[in-house]
Amino acid sequence: PGTNFPIELIYVKKHLVIEVVDAFDNWYKVLDEEGNTGWLHKSLVSSRRYFVVKNDSAKLYKNPKNNIELLFLETGLRGKIESCRNDWCKVKIKKYSGWLQKIDIWGVYQNENF
């Protein structure tokens, strides 16, 4: 990590979904949803949580306790994670809010709750 090393990849997507896998000084080693790894300066990383849909069978539900489907989601769709508990995450996608199953998204661990 450092500014003396060549740039291998430039991210241009807003709300990129990354996993921090290591840290050194003011740098994070990150993994993105495509399997790329590299170092990002801490100032470029936000604590806000985002997700990307990983399969076309994902559905946005009104509530995790009932089966009222709000939307069918396409692979690659991105949104913000508001909270996660058990097998579900409360998310926001543009003007829609609802619940997604963790198994349908990349950006949260299966055992993670927050």
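Mentor: Before we start, two strands pair if DSSP finds at least two bridges between them. Keep in mind, too, that this is a predicted model.

Trainee: Got it. How many bridges join strand 2 to strand 3?

Mentor: Strand 3 covers residues 37-41, and strands 2 and 3 run antiparallel. One of the bridges puts Val30 opposite its partner in strand 3, Gly38. The pairing needs at least two bridges, and the number joining strand 2 to strand 3 is five.

Trainee: Which residue in the turn of that hairpin has a positive phi?

Mentor: Strands 2 and 3 form a hairpin with four residues between them. In that turn, a positive phi of about 90 degrees belongs to Gly35.

Trainee: And strand 1, what is the bridge partner of its Phe24 in strand 2?

Mentor: Strand 2 takes in residues 27-32 and runs antiparallel to strand 1, with six bridges joining the two. Look across from Phe24 into strand 2 and you find its bridge partner, Trp27.

Trainee: Is Asp25 buried or exposed?

Mentor: Asp25 sits in the loop between strand 1 and strand 2, a hairpin with two residues between the strands. Its phi is near 55 degrees, a positive value in a residue other than glycine. The cut-off for exposed is over 50% relative accessible area. Asp25 comes in at 58%, so it counts as exposed.

Trainee: Where does His15 lie, the other residue I marked?

Mentor: His15 also has a positive phi without being glycine, near 60 degrees. At 35% relative accessibility, it counts as partly exposed. As for its place in the chain, His15 lies in the segment before strand 1.

Trainee: Which residues form a nonpolar patch on the surface?

Mentor: Start with Val12, found in the segment before strand 1. Val12 has 77% relative accessibility, so it counts as exposed. The patch has about 400 Å² of accessible area together, and its members are Ile7, Ile10 and Val12.

Trainee: Now the inside. Which strand gives the most to the largest nonpolar core?

Mentor: That core has 13 residues, and those with the most contacts inside it include Phe51, Leu73 and Val91. Strand 4 (50-53), strand 7 (78-85) and strand 8 (88-93) each supply at least two of its residues. The one that gives the most, with three residues, is strand 8.

Trainee: What is Leu73 in contact with, leaving aside its neighbours within four places in sequence?

Mentor: Leu73 is among the core residues with the most contacts inside the core. Leaving those neighbours aside, its contacts are Val53, Asn55, Asp56, Ala58, Leu60, Ile93 and Leu100.

Trainee: Back to strand 8: what is the relative accessible area of Lys90?

Mentor: Lys90 lies in strand 8. Setting aside neighbours within four places in sequence, Lys90 has contacts that include Lys80, Ile81 and Trp99. Lys90 is partly exposed, and its relative accessible area is 31%.

Trainee: Zooming out, how many strands does the protein chain have?

Mentor: Read the elements from the N terminus on and you get β-β-β-β-β-β-β-β-β-β. There are zero helices, and the count of strands is 10.

Trainee: Last one: what share of the residues is buried?

Mentor: The C-alpha trace spans about 55 × 25 × 20 Å along its principal axes. The accessible surface comes to about 7900 Å², with 49% of it belonging to carbon and sulfur atoms. Buried means under 20% relative accessible area. Of the 114 residues in the protein chain, the buried share is 26%.

Definitions and conventions
Residues numbered from 1 in each chain as written. Predicted model: local features only at pLDDT ≥ 70, side-chain atom pairs only at ≥ 80, totals over all residues. Heavy atoms only, no water. Patch = residues over 30% accessible without salt bridge, like charges linked within 9 Å, V, L, I, M, F, W, Y side chains within 5 Å. Areas by Shrake-Rupley, 256 points an atom, 1.4 Å probe, with all protein chains shown as cover. Salt bridge = Lys/Arg side-chain N within 4 Å of Asp/Glu carboxyl O. Buried < 20%, exposed > 50% of the residue type's maximum accessible area, 1.4 Å probe, protein only. Core = buried A, V, L, I, M, F, W, Y, C linked by side-chain atoms within 4.5 Å. Contact = heavy atoms within 4.5 Å.
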